[in-house]
Amino acid sequence: MKNIIIASTSTIHGSGYLEYILNDLALFFKDVKEIIFIPYARPGGISHDDYTKKAEDAFIKIGKTVKGLHTFENPIETIKKADGIFVGGGNTFVLVNQLYKNNLIDVLKETVSNGTPYLGTSAGSNICGLTIKTSNDMPIIYPPSFNVLGLVPFNINPHYLDPDVDSTHMGETRETRIKEFHSYNTPPVVGLREGSWLYVKHNSIVLKGNLTARIFEYNKTPYEVEAGTELYTLN
């Protein structure tokens, strides 16, 4: 029943907000009139209202109405009744903390698992995985748990970056950090490059976009998968 887009980012270089994926979103949300936007991740500390306006301006281009979840008195019932859901990027820890605070983790998982179309970008993609332990974000707030929706059987690393051979930076690469994760944890991690997304339809998870994704599995050498590849089949 799942119908999910898990996108690495909302914006690619030289493109407006969601612009690079709008044609796909028009098809994805074709039967949806109103999208409930969850603005909790608040990139750069932006207000919920201003963040919702940003989403509204993007979706109006494909004829969709957007309403911020923060404007409803009963967010749980709003999620249950939503025609479509979009969770934007920002700080993953802030997002998850607010979802737990409003008792939305379970109802969001159930609603999306039952087929309500869900779009996640960046932080909104992180929460589709098993945990947020492979987020790139600073833990500026401490949520009750790092466990999240578990809509896919792996963790996600959005904005995945390959090492720059010309860089003088001596800090950890993304690959190093994910290998550190696997020193203490066993779930796979999908490194999603900018402009890539995963399309989850019923029991199938397919890599979309023009780039490869890097797959990290416990005690295995990381490897690349081509766009169009079915990464996993869900039980």
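Is histidine 202 buried, partly exposed or exposed? Histidine 202 is partly exposed, because its relative accessible area is 41%, and the cut-offs put buried under 20% and exposed over 50%. The model in which this residue sits is predicted. The account below starts with the whole chain and then returns to histidine 202 and its strands.

The protein contains seven helices and twelve strands. Its radius of gyration is 17 Å, close to the 18 Å that the globule rule gives for 235 residues, so the protein is as compact as a globular protein of that length. Along the principal axes, the C-alpha atoms fill a box of roughly 45 × 40 × 35 Å. Of the 235 residues, 51% are buried. The accessible surface comes to about 11500 Å², and carbon and sulfur atoms account for 49% of that surface. Contacts can also be sorted by sequence separation: among those between residues at least 6 apart in sequence, 68% join residues at least 24 apart.

The interior comes next. In soluble globular proteins, nonpolar side chains tend to be buried together. In this model the largest nonpolar core has 43 residues, and Ile38 and Ile127 are the ones with the most contacts inside it. A second core, separate from that one, has 22 residues, among them Ala7, Leu18, Tyr20 and Ile21. Isoleucine 38 shows what surrounds a residue of the largest core. With residues up to four places away in sequence left out, isoleucine 38 touches Leu69, Ile79, Ile85, Phe86, Val87, Gly88, Leu95, Leu99 and Leu108.

Strand β2 covers residues 34–38, and the loop between β2 and α2 (48–59) holds arginine 42. Arginine 42 is not a glycine, yet its phi is positive, at about 45°. Its relative accessible area is 35%, so arginine 42 counts as partly exposed.

A polar residue can also be covered, as threonine 92 shows. Threonine 92 belongs to helix α4, which spans residues 92–101. It counts as buried because its relative accessibility is 0%. Outside its neighbours within four places in sequence, threonine 92 is in contact with Ala123, Asn126, Ile132, Ser135 and Asp137. With one of these residues, serine 135, threonine 92 makes a side-chain to side-chain polar contact of 3.4 Å.

Now back to histidine 202. This residue lies in the loop between β8 (197–201) and β9 (204–208). The two strands form a hairpin with two residues between them, and histidine 202, in the turn, has a positive phi of about 55°. Like arginine 42, which has a positive phi without being a glycine, histidine 202 is a residue other than glycine with a positive phi. Strands β8 and β9 pair in the antiparallel sense over five bridges. Within this pairing, tyrosine 199 has valine 206 of β9 as its bridge partner.

Strand β9 has another partner in β12 (residues 230–233): the two run antiparallel and are joined by three bridges. Here serine 204 is bridged to threonine 233 in β12. Four of the five residues of β9 are buried, so the strand is mostly covered. The turn residue histidine 202, in contrast, is partly exposed.

Strand β11 (residues 223–225) contains glutamate 224. Where do the polar contacts of its side chain lead? One goes to the side chain of threonine 212, at 2.6 Å, and another to the side chain of arginine 214, at 2.9 Å. Leaving out residues up to four places away in sequence, glutamate 224 touches Arg193, Thr212, Ala213 and Arg214. Glycine 191 is 33 residues from glutamate 224 along the chain, and their C-alpha atoms are separated by 9.4 Å. Glutamate 224 is partly exposed, as its relative accessible area is 35%.

The loop between β10 (213–216) and β11 holds lysine 220. Its relative accessible area is 55%, so lysine 220 is exposed. From lysine 220 to lysine 61 the C-alpha to C-alpha distance is 44 Å, with the two positions 159 residues apart in sequence terms.

Methods. Residues are numbered from 1 along each chain as its sequence is written. This is a predicted model: local features need pLDDT of at least 70, side-chain atom pairs count only at pLDDT 80 or more; totals for chains, interfaces and linings use all residues. Side-chain values use heavy atoms; hydrogens and water are left out. A nonpolar core is a set of buried Ala, Val, Leu, Ile, Met, Phe, Trp, Tyr and Cys residues joined through side-chain atoms within 4.5 Å. Buried means under 20% relative accessible area, exposed over 50%, partly exposed in between (1.4 Å probe, protein chains only). Contact means heavy atoms within 4.5 Å. A polar contact is a pair of N or O atoms within 3.5 Å; within protein, one must be able to donate a hydrogen and the other to accept it, and residues adjacent in sequence count only if both atoms are side-chain atoms. Two strands pair if DSSP finds at least two bridges between them. The radius of gyration is taken over C-alpha atoms; the globule rule is 2.2 Å times the number of residues to the power 0.38. Accessible areas come from the Shrake-Rupley method with a 1.4 Å probe; for residues, only the protein chains shown count as cover.
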